[in-house]
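Please consider the following model and the grounds on which its features receive their names.

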Amino acid sequence: MRLAVIDGRAVVVRGDRAADVGWASRGRLSTDPMALLEQWQRVRDWGGELSDEAYDISVDPEALQAPVPRPRQVFAIALNYPPHAAEAGYTPPAEPLVFTKFPACLTGPHTTVALPPGKVDWEVELVAVIGRETYRASEDHAWESVAGLTVGQDLSERVSQLQGKPAQFSLGKSFPGFGPTGPVLVTPDEFEDPGDLEITGLLNGRVVQHDRTKSMIFPVPELIARLSAVLPLFPGDLIFTGTPAGVGNRMDPPRYLTPDDELLSRIEGIGEIRQHFTAAHP
Ligand code: ZN
């Protein structure tokens with residue numbers, strides 16, 4: 001099942017058509033995607049039996065909003081692909097390095113981001129969305145806690161991210177618009193192997209990041225086991241799972257985002273999100 005949000009209402013997407021969850025369920029299910037994630041198994045069972053006639057909305061990709069607009073918790077993982085750890089000058093970490101993107105930075109898939117002062121960089125990432133309350137999950141059962149996968153950009157202002165000793169990541173990754181997600185949330189059963197997806201970042205049409213998610217040092221099930229060993233995860237929580245090699249601040253010379261750049265972030269089986277940029281607001 002593919003879940004998206006249009007006009008603040010949850011829809012189930014099939015091809016270029018969508019079914020409004022509230023209308024198609026005759027009001028038995030909520031229109032709010034956060035409420036649906038609280039009863040995700042019921043939504044999936046219902047969505048599997050939807051008739052063709054229910055898909056009566058023609059989807060305008062530009063109208064899609066964040067599939068998970070109000071997560072309680074947003075986890076993000078640093079240095080989770082070996083080539084990216086190497087380009088950043090680190091050996092692969094023995095424990096996941098965890099920070100947050102504060103939820104105020106989250107947006108939908110197609111946006112224009114005002115560049116704050118500093119050096120703004122790109123990080124295409126797979127985002128796992130939690131679909132049930134999860135505490136002390138075992139790795140073997142962790143996929144059962146995943147409502148779906150979506151595409152995210154962990155936009156990062158490197159000056160504020162790296163200033164101070166030790167550096168603290170979260171603020172520099174939480175400027176307005178720094179957490180675009182979407183275009184849809186795709187349930188794990190839609191993939192042949194949800195742990196092995198092609199992930200690509202393109203800047204002005206040129207591939208700058210490219211890998212497969214199976215390269216992760218800590219794959220999705222291990223991240224869920226390790227995070228939930230410490231604290232409960234809630235329906236709708238997001239995990240930004242880290243970025244492959246090819247970020248701008250490790251290029252020679254470094255390359256940061258400028259007004260008029262176009263950034264595409266794409267994951268096999270999910271789709272792509274697109275950001276444009278403008279100069280900072282005065
Ligand atoms: Zn990241």
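Q: What makes the largest nonpolar core a core, and which residues touch the most other members?
A: A nonpolar core is a set of buried Ala, Val, Leu, Ile, Met, Phe, Trp, Tyr and Cys residues joined through side-chain atoms within 4.5 Å, where buried means under 20% relative accessible area with a 1.4 Å probe, protein chains only. The largest such set has 35 residues, and Leu126, Leu149, Ile224, Ile239, Ile267 and Ile270 touch the most other members. The model is predicted: local features need pLDDT of at least 70, side-chain atom pairs count only at pLDDT 80 or more, and totals for chains, interfaces and linings use all residues. Residues are numbered from 1 along each chain as its sequence is written, and side-chain values use heavy atoms, leaving out hydrogens and water.

Q: How do you know where this core lies with respect to domain 1 and domain 2?
A: Domain bounds come from an automatic or database domain assignment. Domain 1 (2-64) and domain 2 (74-278) both give residues to the core, so it lies between them. Apart from this core lies another, of 31 residues, among them Ala19 and Leu185.

Q: What is Leu126 in contact with?
A: Contact means heavy atoms within 4.5 Å. Leaving aside neighbours within four places in sequence, Leu126 is in contact with residues including Leu149, Ile239, Ile267 and Ile270.

Q: Why does the radius of gyration of the protein chain agree with a compact globule?
A: The radius is taken over C-alpha atoms, and the globule rule is 2.2 Å times the number of residues to the power 0.38. For 282 residues the rule gives a value near 19 Å; the protein chain has 18 Å, which agrees.

Q: How many of the residues count as buried?
A: Of the 282 residues of the protein chain, 56% meet the criterion for buried.

Notes
Buried < 20%, exposed > 50% of the residue type's maximum accessible area, 1.4 Å probe, protein only.
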